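This briefing concerns the strand arrangement in a single sheet of a protein model. The sequence and structure are shown first, followed by the principal points.

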Amino acid sequence: MTIFTEVRTTFFIGEIDLRRLIITAPNRYKVHTILKRHNRGTRVIAQPKAEIKVLQKFVLNKHLSGLPVHQVAKAYVRGFGIKDHASPHAANRYLLKLDFSDFFNSILSQDFEKYLIKTNLFSVEDINLLVNLMFWLPKGTNQKRLSIGAPSSPHLSNLLMFEFDKALFDYCANYNITYTRYADDIALSTNTPKTLDATLEFVRQLCVNQESPKLQLNQEKTVFTSKKSSRSLTGLILANDGQPSLGRSRMRILRATAFNYSQGKLTEPEIATLRGHLAFAHSINPVFVAKLKAMIGENTYKNLMSF
């Protein structure tokens with residue numbers, strides 16, 4: 001059974017209606033912009049309309065979720081998160097942080113098409129359906145791209161980065177370098193001085209030589225650092241004791257905010273924000289959260305986190 005037939009019978013869509021839906025899918029997106037952090041411009045968010053989002057999730061779960069993602073990928077992988085991205089680097093002395101420019105939008109529909117052909121798992125008809133269904137066509141262009149906002153985009157980015165991840169992982173294994181990737185953020189660390197200079201050049205050449213997808217490093221976000229200075233990864237502090245940390249400043253703010261909650265001084269929106277911060281803090285440093293719970297009282301903490 002083709003994916004087209006499977007979708008048609010699962011969702012009770014007529015053949016003509018489904019073909020029209022698939023053909024127009026790249027145009028069925030709601031587009032808006034948000035400000036980037038630190039006033040670094042705007043980011044375009046393209047969210048598929050409800051009918052496309054449902055089909056994306058269905059096809060992703062049924063046909064794409066089992067395809068291989070490299071072990072270095074820590075974002076958008078069930079059971080992993082930013083702590084898993086940061087932890088392997090905490091004990092190493094030297095750290096190199098890299099970032100891709102326009103990561104999602106740099107991944108094109110033809111990259112996905114080439115990938116699907118290589119898997120030898122899908123018919124031509126299924127490939128055409130998948131490409132149209134998963135990629136967004138910005139107005140005024142003729143190039144379909146992976147969008148920020150589609151539920152399928154994160155997993156697709158990991159699939160299409162497999163060859164890049166493998167090449168860089170194999171290189172790093174030869175030089176005792178630790179490599180992890182969290183979406184468009186690359187972290188490379190080692191205890192051997194000056195090794196990361198050559199690694200940066202290898203990554204640059206890998207971006208140039210890789211046929212698909214074509215990616216570029218954001219030079220402004222290339223950072224070399226060591227244990228001599230403060231080190232951070234995806235918002236976590238790499239402490240000199242070899243563990244990722246929330247950081248003293250963030251923990252101090254959380255203590256003060258939790259205390260204010262215990263005194264009845266927070267508004268409902270502030271309480272909701274505090275819940276989210278504490279849930280995140282627990283995933284990183286449960287010992288700190290246990291101490292905070294003891295500070296405000298277990299019943300108070302339970303009331304805070306019950307929602």
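Which residue is the bridge partner of Lys97 in S6? In this predicted model, Lys97 has Val223 as its bridge partner in S6. The points below place this pair within the sheet as a whole.

**Sheet layout**
- The sheet is open and consists of four strands, ordered S4-S5-S3-S6, with antiparallel pairing.
- Strand S4 (178-182) and strand S6 (223-226) occupy the edges; each has a single partner strand, so one side of each is left without a neighbour in the sheet.
- On average, neighbouring strands of this sheet are turned by 20 degrees against each other, direction ignored.
- Strands of a sheet pair through backbone hydrogen bonds, in either a parallel or an antiparallel manner.

**Pairing of S3 with S5**
- Six bridges connect strand S3 (residues 94-99) with strand S5 (residues 185-190), and the sense of this pairing is antiparallel.
- Within S5, Leu188 is the bridge partner of Leu96, and Ile186 is the bridge partner of Leu98.

**Pairing of S3 with S6**
- S3 and S6 run antiparallel and are joined by four bridges.
- The bridge partners Lys97 and Val223 link S3 to S6.

**Burial and helix packing**
- Of the six residues in S3, five are buried, and the strand is accordingly described as mostly covered.
- Helix H9 (residues 162-174) lies across S4 and S5.
- The direction of H9 relative to S4 is about 160 degrees.

Notes: Residues numbered from 1 in each chain as written. Predicted model: local features only at pLDDT ≥ 70, side-chain atom pairs only at ≥ 80, totals over all residues. Heavy atoms only, no water. Pairing = 2+ DSSP bridges. Helix = DSSP H or I, 4+ residues; strand = E, 2+ residues; numbered from the N terminus. Axes fitted to C-alpha atoms, helices over the stretch in contact; angles between N-to-C directions. Contact = heavy atoms within 4.5 Å. Buried < 20%, exposed > 50% of the residue type's maximum accessible area, 1.4 Å probe, protein only.
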